[in-house]
Amino acid sequence: MTKNRVVGVIGLGHVGAHVAYSLAVQGIADELVLVDQNQQKLQSEVQDLRDAAAYLPHRVTVRPGDFADLGECDVIVNSAGKIDLLRGNHDRVKEMDFTIPAVRSYTEKIKASGFDGVVINITNPCDIVTRELALGLGLPKGRVFGTGTGLDTSRLLSALARQTGIDHKSITCYMLGEHGNQQFAPWSCVSFRGMPLDKWAQTDERFRFDREALQKESIGGAWVTFSGKNCTEYGISTTAARMVHIVLHDEKAIMPASMELCGEYGESGLFAGVPCVIGAKGVEEVVELPLTDEEKAKFHACCEGIRHNMEHLKEL
């Protein structure tokens, strides 16, 4: 008998609700266990998803739960947050004042449930909260990781596709470092099915563009979305759903994620957005790109920025 794929979602705000919807519509999960402190919101989201499930081409079970119910999950997506903290202040670090105490309040509850799967964190600041979850849960290395620069990379892919006319599925690129304003694009690693960007630029003007402008567009994409709807939903939910699919199917796919660095890229003691091999055990390997010296310096500067932000943990 085939085992049900059970996925838990913590936090049913704009992001968490869309993650649950993506998992249901794409048939990634057979069963969804939803957890939120607002019981009325929780019941409403469960009802809405059940209404949608009736017309899906596959069977999906949706039910409300508590932290004690998460022990039966294969994957948990953590998306608890307070998006209102970003109004008028485009700095994800500001969210720490709410998200760090929130995560600390329920890590022991998740442990007590007997959970022994993979945790994917969305909650911001992603790199710092992912580290907090990993320390609190004590799961084996790689079993807790974050969406990190996965979403930011999709923004760069989209920008490159529009600029060059090449489909985004034929482009390899990454945003690295912090899931925040300090991230950057290592242009030396951009290729189009194996053909480096610099090679294309020698003969085709479509590839001779303002790289700094495209990087800025990728970093600022979140705030373009946020400015008109006071949240982000579709991009991040699809990013998280893709990661869940990779884990449940043990794909060994390479995708940018926020992962603990233990000497990779010359950094240790923090989580940052880097390419990772993801499978059934979570992040199974950090992929070290052949960065230029300039790009290495940018990465280290970005990591120093994350460490600086981590100092605020002492005050919480």
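Strands β11 and β12 form a hairpin with two residues between them. The two strands run antiparallel, and four bridges join β11 (residues 268-279) to β12 (residues 282-286); strands count as paired if DSSP finds at least two bridges between them. Across the hairpin, Ile-278 stands opposite Val-283 in β12. Strands here are DSSP runs of E with at least two residues, and helices are runs of H or I with at least four, numbered from the N terminus.

The model is predicted: local features need pLDDT of at least 70, side-chain atom pairs count only at pLDDT 80 or more, and totals for chains, interfaces and linings use all residues. Residues are numbered from 1 along each chain as its sequence is written, and side-chain values use heavy atoms, with hydrogens and water left out.

Next come the aromatic rings. Rings of Phe, Tyr and Trp (its six-membered ring) pair if their centres lie within 6.5 Å; planes under 30 degrees apart are stacked, over 60 edge-to-face, and the rest tilted. The count by this rule is seven aromatic pairs. In one of them, Phe-192 and Phe-207 meet edge-to-face, 5.0 Å centre to centre with 90° between the planes. This pair links distant parts of the chain, since Phe-192 is in strand β8 (residues 191-192) and Phe-207 in the loop between α6 (197-201) and α7 (211-229), 15 residues apart. Both Phe-192 and Phe-207 are buried, that is, under 20% relative accessible area, against over 50% for exposed and in between for partly exposed (1.4 Å probe, protein chains only). Ring pairs also bring in Trp-200, which forms a cluster with Phe-192 and Phe-207.

Which residues line the largest pocket closest to its centre? They are Gly-13, Ser-79, Ala-80, Gly-81 and Lys-82, out of 42 lining residues. A pocket is found on a 1 Å grid over the protein atoms alone, as an open set of points where a 1.4 Å probe fits, with protein on both sides within 12 Å along at least five of seven lines; lining residues have an atom within 4 Å of a point. The largest pocket holds about 920 Å³ of space, the volume being that filled by probe spheres set on the points, which are joined across faces, edges and corners. Helix α3 gives the most to its lining, with five residues.

The second largest pocket has a volume of about 570 Å³. Its lining has 20 residues, with Thr-153, Leu-157, His-168, Ile-254 and Met-255 nearest the centre. Helix α8 gives the most to this lining, with five residues.
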